Amino acid sequence: MLLILLGIGILLLVLIQIWRYRRLMSWRIVEGRIIQFNIESFKQPQVYILAEKVRPAVVYSYEVDGDSHTGSKITLEDSSLISDPESKMHPWPTLESKLSHPVFIDPEDPDNSVLLRKMLPYRANHYAALAVTGVLLIIIGAYINYA
């Protein structure tokens with residue numbers, strides 16, 4: 001029974017994340033301007049060492065109903081935008097300062113905004129793997145309990 005509950009919990013987590021991204025489709029779109037974009041390095045603890053990592057840092061401005069706002073989120077899951085400094089492929093898009101870019105704004109809170117409303121491909125793969133794991137746990141749990 002525990003495996004079934006664990007599988008259901010994992011599937012619920014995946015569905016909640018998909019629902020969050022689906023909600024972005026109804027968010028308002030305005031034209032914004034990227035004020036600053038750079039790659040910042042930081043140290044992340046890994047087992048017994050501090051590993052050097054990089055992540056994007058962005059600041060953009062936009063207007064909603066005549067009010068100016070600034071934002072710094074690229075996606076709903078900015079905490080997952082981490083990469084090795086030597087990596088040739090980063091999991092985030094390249095954004096250039098001083099360029100205009102569409103900004104997606106939460107209709108309930110104009111201060112809540114993101115630059116990308118689609119789930120990044122590596123995150124989609126992550127959630128697909130979690131969904132398969134959840135389904136397999138449910139199947140194995142049902143087999144153990146009812147076979």
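Reader: How many Å should the 26 residues of helix 2 span, and how far apart are its end C-alpha atoms?
Author: Helices are DSSP runs of H or I with at least four residues, numbered from the N terminus. The expected span is 1.5 Å times one less than the number of residues. For helix 2 (residues 121-146) that gives 38 Å, which agrees with its end C-alpha atoms, 37 Å apart.

Reader: What kind of model is this?
Author: Residues are numbered from 1 along each chain as its sequence is written, and side-chain values use heavy atoms, with hydrogens and water left out. Local features need pLDDT of at least 70, side-chain atom pairs count only at pLDDT 80 or more, and totals for chains, interfaces and linings use all residues, since the model is predicted.

Reader: Which residues of helix 2 are buried?
Author: Buried means under 20% relative accessible area, exposed over 50%, and partly exposed in between (1.4 Å probe, protein chains only). Helix 1 is included in what covers the buried residues of helix 2, where contact means heavy atoms within 4.5 Å. These buried residues are Arg123, Tyr127, Gly134, Leu137 and Gly141.

Reader: Is Leu15 buried or exposed?
Author: Leu15 lies in helix 1. Its relative accessibility is 51%, so Leu15 counts as exposed.

Reader: Which side chain does a polar contact of 2.6 Å join to that of His69?
Author: His69 is in strand 3 (residues 67-71) and is buried, because its relative accessible area is 13%. A polar contact is a pair of N or O atoms within 3.5 Å; within protein, one must be able to donate a hydrogen and the other to accept it, and residues adjacent in sequence count only if both atoms are side-chain atoms. The partner of His69 at 2.6 Å is Asp111.

Note on methods. Helices (H or I, at least four residues) and strands (E, at least two) are DSSP runs, numbered from the N terminus.
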